[in-house]
Amino acid sequence: MSKKIAIGGDHAGYEYKEKLVKSLEDLGYEVKDFGPYSNASVDYPDYVHPLCTALEKGEFDFGILICGSGNGVAITANKHQGIRAALCWNEDLSALARQHNDANVLALPARFIPFELAKKLAEIFLTTDFEGGRHANRVNKIACG
């Protein structure tokens, strides 16, 4: 069974999102695009909150969010108790987000990394397992409630 991926962002991440959807589908992932659906200016929380809610409900295995800096989407996603969003801009961060933090959302900064790197970071994120062990205790202390 293929992993189900939720993807979204804002206007600054639109072009990367469109290309990444295609790349992920070519790799066999089932992808749902939460928008936006053009590069017209939008408010990213309008797309991030529905994506994160669906992920928290178990409708998807992972989420990928893309905006200009990656910060806005990550901050918004991390307001959800069941979300651990990690802003990544290199391969080590993408792997460690999964290995040590059990991140379930990858936030990408489209204005600061080339698309090929964004694609590689997504592939690493989606194929790296959580190590558990000493990290599990720490991850279990993240939620506020």
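Helix α4, residues 91-99, has four buried residues to look at in this predicted model: Ser94, Ala95, Ala97 and Arg98. They cover an arc of only 155° around the axis, so they end up on the same side of α4. What sits over them? The cover for the buried residues of α4 includes β3 (62-67), β4 (85-87), β5 (105-109) and α5 (115-127). Back at the start of the helix, Asn90 puts a side-chain oxygen within 3.1 Å of the backbone nitrogen of Asp92.

Two of those buried residues are worth a closer look.

Ser94, in helix α4, has a relative accessible area of 0%, so Ser94 counts as buried. A polar atom of the Ser94 side chain lies 2.8 Å from the backbone oxygen of Leu121. Leu121 also turns up in the list of residues that Ser94 touches, along with Cys88, Leu106, Ile124 and Phe125, once residues up to four places away in sequence are set aside.

Arg98 is in α4 too. Is this arginine buried or exposed? Arg98 is buried, with a relative accessible area of 6%. Its side chain reaches the backbone oxygen of Ala103 at 2.9 Å. Arg98 also lies over the face of Phe125, 5.9 Å from the ring centre. Leaving out neighbours within four places in sequence, the contacts of Arg98 are Phe62, Ala103, Phe125, Thr128, Asp129 and Phe130. So Phe125 is touched by Ser94 and by Arg98, because in both cases heavy atoms come within 4.5 Å.

Another charge over a ring involves Lys32, which lies over the face of Phe34 at 4.7 Å from the ring centre.

On to the aromatic rings. How many aromatic pairs does the structure hold? There are three, and two of them are described here. Tyr16 and Phe115 have ring centres 5.5 Å apart and planes at 80°, which makes the pair edge-to-face. This pair links distant parts of the chain, with Tyr16 in helix α1 (residues 14-26) and Phe115 in helix α5, 99 residues apart. Tyr16 and Phe115 are both buried.

Phe62 and Phe125 have ring centres 5.7 Å apart and planes at 75°, so that pair is edge-to-face as well. Here, too, distant parts of the chain are linked: Phe62 belongs to strand β3 and Phe125 to helix α5, 63 residues apart. Phe62 and Phe125 are both buried. Recall that Arg98 is in contact with Phe62 and Phe125, among others.

Now the cysteines. How many disulfides does a search of the whole structure find? Zero. Cys67 is in no disulfide, and the nearest cysteine sulfur, that of Cys52, is 12 Å away. Why is Cys67 without a partner? A disulfide needs two cysteine sulfur atoms within 2.5 Å, and the nearest one to Cys67 is 12 Å off. Cys144 is likewise in no disulfide, with the sulfur of Cys52 again the nearest, 15 Å away. As for their surroundings, Cys67 counts as buried at 4% relative accessibility, whereas Cys144 counts as exposed at 71%.

Here are the accessibility values for several of the residues discussed, plus two that come up next.

| Residue | Relative accessibility | Class |
|---|---|---|
| Ser94 | 0% | buried |
| Cys67 | 4% | buried |
| Arg98 | 6% | buried |
| Thr76 | 9% | buried |
| Gly28 | 40% | partly exposed |
| Cys144 | 71% | exposed |

Thr76 lies in helix α3, residues 71-77. Which residues does Thr76 touch, not counting those up to four places away in sequence? They are Tyr44, Pro45, Val48 and His49. The C-alpha atoms of Thr76 and Phe125 are separated by 20 Å, and the two residues are 49 places apart along the chain.

Gly28 is found in the loop between α1 and β2 (30-33). From C-alpha to C-alpha, Gly28 and Asp10 are 25 Å apart in space, with their positions 18 residues apart in sequence.

Definitions and conventions: Residues are numbered from 1 along each chain as its sequence is written. This is a predicted model: local features need pLDDT of at least 70, side-chain atom pairs count only at pLDDT 80 or more; totals for chains, interfaces and linings use all residues. Side-chain values use heavy atoms; hydrogens and water are left out. Buried means under 20% relative accessible area, exposed over 50%, partly exposed in between (1.4 Å probe, protein chains only). Helices (H or I, at least four residues) and strands (E, at least two) are DSSP runs, numbered from the N terminus. The arc is that of the directions from the helix axis to the C-beta atoms. A polar contact is a pair of N or O atoms within 3.5 Å; within protein, one must be able to donate a hydrogen and the other to accept it, and residues adjacent in sequence count only if both atoms are side-chain atoms. Rings of Phe, Tyr and Trp (its six-membered ring) pair if their centres lie within 6.5 Å; planes under 30 degrees apart count as stacked, over 60 as edge-to-face and the rest as tilted. A charge sits over a ring if NZ of Lys or CZ of Arg is within 6 Å of the ring centre and within 35 degrees of the ring normal.
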